[in-house]
Amino acid sequence: MNDPERAMLLSVHPRFATAILAGSKTVEVRRQRVAAPPGTRVLLYATAPTMALVGMARIAAVHVASPKEVWSVHRSQTGITRREYDAYMNGATQASGLTLEEPVSFGEPVTLGALRAAGTFHPPQSYRYMKVDDLRQVAVAGPVVGTTLREVLGHLAPA
């Protein structure tokens, strides 16, 4: 069951953010166990050189297993080569494959500068959870994105 009071902020390279939003990459892999339930909203933060919130999606499922098993099941959906996957997973004992659905691209990305101007904002190395106050800060930083967040999350009333 989705917790309506939080969302996941996921840092991804710009090419992966673009692929997720285009629907060609439907599984994002992580080196650690991710315990987000299906239905969790995911805000996509594209790392340098973009450095902005560019869109969102919803977690359909999370598959936690060995790196070998996650690759075996999801390889065609990850948008990366086996060499890239192996380099990323080197030394990891478990992996998570986050199946993403319902991607929504923000027409006006919210830049890191705008996010920091609206309050304290630190992009995560991998991911972190955002509570409703964090989401309100994003809505203030990017009014167009705020409208989308309110439409999707519903509970996000202005502060």
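**Notebook: the H2/H3 pair and the sheet**

I looked at H2 and H3 first and found their crossing right-handed (near helix turned clockwise from the far one by less than a right angle; anticlockwise would be left-handed). Helices here are DSSP runs of H or I with at least four residues, strands E runs with at least two, numbered from the N terminus.

A note on the source: this is a predicted model, with local features needing pLDDT of at least 70 and side-chain atom pairs 80 or more, while totals for chains, interfaces and linings use all residues. Residues count from 1 along each chain as its sequence is written, and side-chain values use heavy atoms, without hydrogens and water.

I then took the angle: H2 (67-74) and H3 (82-89) pack at about 155 degrees, axes 11 Å apart (axes fitted to C-alpha atoms over the stretch in contact, angles from 0 to 180 degrees between N-to-C directions). So H2 is roughly antiparallel to H3 (over 145 degrees).

Next I checked who meets whom: Pro67, Val70 and Trp71 in H2 contact Arg82, Tyr85 and Met89 in H3 (heavy atoms within 4.5 Å).

I moved on to threonine 78, in the loop between H2 and H3. Threonine 78 is buried, because its relative accessibility is 0% (buried is under 20%, 1.4 Å probe, protein chains only). Leaving out residues up to four places away in sequence, threonine 78 touches Lys25, Val27, Val29 and Trp71.

Val27 led me to the sheet, where valine 27 stands opposite threonine 99 in S5. S2 and S5 (95-111) run antiparallel, joined by four bridges. I read the open, mixed sheet as S2-S5-S4-S3-S1-S6 (strands pair with at least two DSSP bridges).

Notes:
Angles under 35 degrees count as roughly parallel, over 145 as roughly antiparallel, 65 to 115 as roughly perpendicular and the rest as oblique. Buried means under 20% relative accessible area, exposed over 50%, partly exposed in between (1.4 Å probe, protein chains only).
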